[in-house]
Amino acid sequence: KGAFVELDELSSDPNFANSDGDTSVIISRKVPNLTIDLRGDEWLVTLDTQATVAMLHENLMVVDLRRYARSLPAWMQSRGLGVAAWQIFGLIGLILIGLIIRTVVAWFFAGQAQKVMQRLKVVWGQELLAKVGNPLGAVIAVVVVGFLLPTLVLPVRLNELFHLVLDVIGTIYTVLVLYRVVDLLSSWLNQKADRTETKLDDQLVPLISRALKILVVVLGGVFILESLNYDVASLLAGLGIGGLAFALAAKDTIANLFGSVTIFTSKPFHIGDWIVVAGVEGTVETVGFRSTRIRTFYNSLVSLPNSVVADSS
């Protein structure tokens with residue numbers, strides 16, 4: 001599973017106790033049901049962990065390739081840097097399988113998605129939907145390769161490295177899939193907004209789209225940090241401690257954010273309206289989280305902070 005027991009990080013204190021008051025330690029966040037226990041001055045594997053390891057091994061080893069490798073020619077079993085030749089060929093085979101799966105899924109998804117949309121007589125977002133196929137195929141390829149990787153029985157550090165690479169690549173492509181899904185949702189919302197007379201929804205759609213994309217990217221970053229074995233809980237706790245300083249430093253940004261909320265709730269103007277505010281006269285083009293953009297009659301674009309707009313006549 002790519003988990004590695006960092007023996008050097010284990011406590012050598014014979015009076016060690018964890019946060020729950022006992023002497024057990026979780027081996028890795030990837031396998032939280034595996035623990036070791038301090039007895040005297042020695043770390044011992046618990047009986048429950050021994051039983052769980054046997055079950056994990058049986059579930060992970062779909063095919064025991066070592067049994068078949070013994071019947072291969074001697075040169076296929078020769079080793080260099082701890083890796084046998086058949087394992088290297090196995091890695092190349094896994095990469096080829098991943099590329100084939102990615103290509104097939106992307107081709108199948110693009111074709112089937114467009115057919116479904118044509119049957120439903122949906123004309124929006126066909127190009128965007130086709131673009132979802134490539135990252136979706138990559139995600140499925142990563143899942144399949146990660147499922148088959150343990151069967152190669154690679155050296156533990158190399159196995160850990162490949163799992164790490166797969167986790168990061170899988171997370172990046174998952175973020176891309178969700179990013180494209182947000183674009184699809186925005187396209188659908190824009191179509192709905194165009195059918196209504198009010199312009200409030202025209203202003204809200206870009207903000208919703210931007211907020212969802214930021215959320216997707218932030219969650220993707222958190223999962224990548226988790227894959228790199230960073231303690232995300234401690235990181236978030238540290239951000240909480242520094243939150244006050246951050247809030248003081250970003251008070252203008254926060255004021256603009258609340259200003260945008262005021263504009264959307266009180267609706268003093270809409271996109272396309274001609275307004276005079278804070279000495280600026282022109283047509284409203286966009287209302288964002290931070291600022292409102294106004295196109296003047298000289299065709300220049302003026303960006304006013306929302307806190308200024310909300311406090312002005």
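This report looks at a nonpolar surface patch and a four-stranded sheet in a predicted model.

Local features here need pLDDT of at least 70 and side-chain atom pairs count only at pLDDT 80 or more, while totals for chains, interfaces and linings use all residues. Residues are numbered from 1 along each chain as its sequence is written, and side-chain values use heavy atoms, with hydrogens and water left out.

**The patch**

Let's start on the surface. W75, I88, F89, I92, I95, L96, L99, I100 and V104 make up a nonpolar patch with about 930 Å² of accessible area together. That area comes from the Shrake-Rupley method with a 1.4 Å probe, and for residues only the protein chains shown count as cover. To join a patch, a residue needs over 30% relative accessible area and no salt bridge; nonpolar side chains (Val, Leu, Ile, Met, Phe, Trp, Tyr) are linked within 5 Å, like charges within 9 Å. A salt bridge is a side-chain nitrogen of Lys or Arg within 4 Å of a carboxyl oxygen of Asp or Glu.

Helix 4 (residues 85–119) is the top contributor, with eight residues. Helices (H or I, at least four residues) and strands (E, at least two) are DSSP runs, numbered from the N terminus. F89 sits in helix 4 and counts as partly exposed because its relative accessibility is 47%. Buried means under 20%, exposed over 50%, and partly exposed lies in between (1.4 Å probe, protein chains only).

**The sheet**

Now for the strands. An open sheet runs in the order 6-7-8-9 with antiparallel pairing. Strand 6 (274–277) and strand 9 (301–305) are the edges, each pairing on one side only. From one strand to the next, the twist averages 50 degrees; axes are lines fitted to C-alpha atoms (for helices, over the stretch in contact), with angles from 0 to 180 degrees between N-to-C directions. Two strands pair if DSSP finds at least two bridges between them.

| Strand pair | Bridges | Partner residues |
|---|---|---|
| Strand 6 and strand 7 | four bridges | V276 and E281 |
| Strand 7 and strand 8 | five bridges | T286 and R293 |
| Strand 8 and strand 9 | five bridges | S291 and P305 |

Strand 7 and strand 8 form a hairpin with three residues between them. The hairpin of strand 8 and strand 9 has four residues between the strands, and N299 there takes a positive phi near 70 degrees.

**A link to helix 10**

S291 has another neighbour to check: L257 is 34 residues away in sequence, with 8.6 Å between the C-alpha atoms. L257 belongs to helix 10 (residues 251–266) and is partly exposed, at 39% relative accessible area.
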